[in-house]
Amino acid sequence: MPPLWALLALGCLPLGVGVNLQPQLASVTFATNNPTLTTVALEKPLCMFDSSAALDGTYEIYLYVLVDLASSRNASVQDSSRTPLSSTFQQTEGGRTGPYKATAFDLTPCSDLPSLDAVGDVARASEILNAYLVRVGANGTCLSDPNFQGLCNPPLSAATEYRFKYVLVNMSTGLVQDQTLWSDPICTRRPTPYAAIDTWPGRRSGGMIVVTSILGSLPFFLLIAFAGAIVLSLLDTGSSDRETTHDSQITQEAVPRSPGTSETAYTSVNRGPTLDRAEVFASKLQD
């Protein structure tokens, strides 16, 4: 995949010493929404510091973040003894009073980098992106977690310009071995004002329109179903009454008339509980 290597791993080419280079935004091929409101994805300085000479020992790369202010554009990230600064996000007011160390990671030899040929493998996609990219502002809980240990890389401020710098630190001596230039200003996105959000249906996706149509039609179908249930209930009630009357007639015809029983008494017996009081009285007088 030569095009992917060219887009993402420009830092892997022998371009000279690290001090002549700047941190760069990650390729849009791998970070399509970059920067966001609170994060910035950068390419790691792969094969950058060891391009001119092999490095012996253990090294780490520190990433420093600084708000782009005229008074601090050339801020140093080391003291007079070349010891890297350990300033935190809280101590520098989020990079406004000076650079803070956002994250640190091991210097990976070029020979140990994962092949981009496997970037299409879903199981290895996260591993490969972590090897080639670093996201500033990725930790949303470290400021509020009293038990958090390690470097705090909290979300950045929206609509704010930042500069970034990579520093190579020799872990044996604890001193700065090399460093890049400060990056060009990179601005996080500005929130969209509520009044500017377009709610016109023509701007909605096809799926949203379908869901809205279904939800809008649902009350109508529920009303039709309710009316149908009432009609069916009334029809069932009428049918039950007709069946009861028919059964009563059949019973009257089926019961034999006893000798000596008057017509009135016979009729009253078969009428059941609906016999009128006057008819009962008349029947007794005849007997």
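**Exercise 1. Determine which structural elements are joined by the salt bridge of Arg163 and Asp68, and whether each residue is buried or exposed.**

Solution. The structure is a predicted model, in which local features need pLDDT of at least 70 and side-chain atom pairs count only at pLDDT 80 or more, while totals for chains, interfaces and linings use all residues. Residues are numbered from 1 along each chain as its sequence is written, and side-chain values use heavy atoms, with hydrogens and water left out.

Step 1. Apply the criterion: a salt bridge is a side-chain nitrogen of Lys or Arg within 4 Å of a carboxyl oxygen of Asp or Glu. For Arg163 and Asp68 the N to O distance is 2.7 Å.

Step 2. Locate the partners, taking helices (H or I, at least four residues) and strands (E, at least two) as DSSP runs numbered from the N terminus. Arg163 belongs to strand 5 (residues 161–170), and Asp68 to the loop between strand 2 (59–67) and strand 3 (100–106), so the bridge ties together parts that are 95 residues apart in sequence.

Step 3. Classify the exposure: buried means under 20% relative accessible area, exposed over 50%, and partly exposed in between (1.4 Å probe, protein chains only). Arg163 is buried at 13%, and Asp68 is buried at 11%.

**Exercise 2. State how many salt bridges the rule gives, and describe the pair Arg124 and Glu127.**

Solution. Step 1. The count is two salt bridges. The side chains of Arg124 and Glu127 form one of them, at 3.4 Å from N to O.

Step 2. Both residues lie in helix 2 (residues 122–132), where they are three residues apart, about one turn of the helix.

Step 3. Arg124 is partly exposed, with 30% relative accessibility; Glu127, at 42%, is also partly exposed.

**Exercise 3. Identify the disulfides and place their cysteines in the chain.**

Solution. Step 1. With a disulfide defined as a pair of cysteine sulfur atoms within 2.5 Å, a search of the whole structure yields two.

Step 2. In the disulfide of Cys47 and Cys110, the sulfur atoms are 1.8 Å apart. This pair links distant parts of the chain, 63 residues apart: Cys47 is in the loop between strand 1 (40–43) and strand 2, and Cys110 is in the loop between strand 3 and helix 2. Cys47 is buried at 5% relative accessibility, whereas Cys110 is partly exposed at 33%.

Step 3. Cys142 and Cys152 form a disulfide with their sulfur atoms 1.9 Å apart. An angle of 65° about the S-S bond makes this link right-handed. Both cysteines lie in the loop between strand 4 (133–136) and strand 5, so the pair ties together parts that are 10 residues apart in sequence. Cys142 is buried at 5%, as is Cys152 at 11%.

Step 4. With the bonded cysteines numbered in sequence order, the pairing is 1-2, 3-4.

**Exercise 4. Assess the confidence of the model, including residues 1–17.**

Solution. Step 1. The predictor's confidence in each residue, from 0 to 100, is the pLDDT. Its average over the protein is 79, and 69% of the residues score at least 70.

Step 2. Residues 1–17 have a pLDDT below 50, and this stretch has 39 contacts in the model beyond near neighbours in sequence (contact means heavy atoms within 4.5 Å).

Step 3. Where pLDDT is low, the predicted coordinates should not be read in detail.
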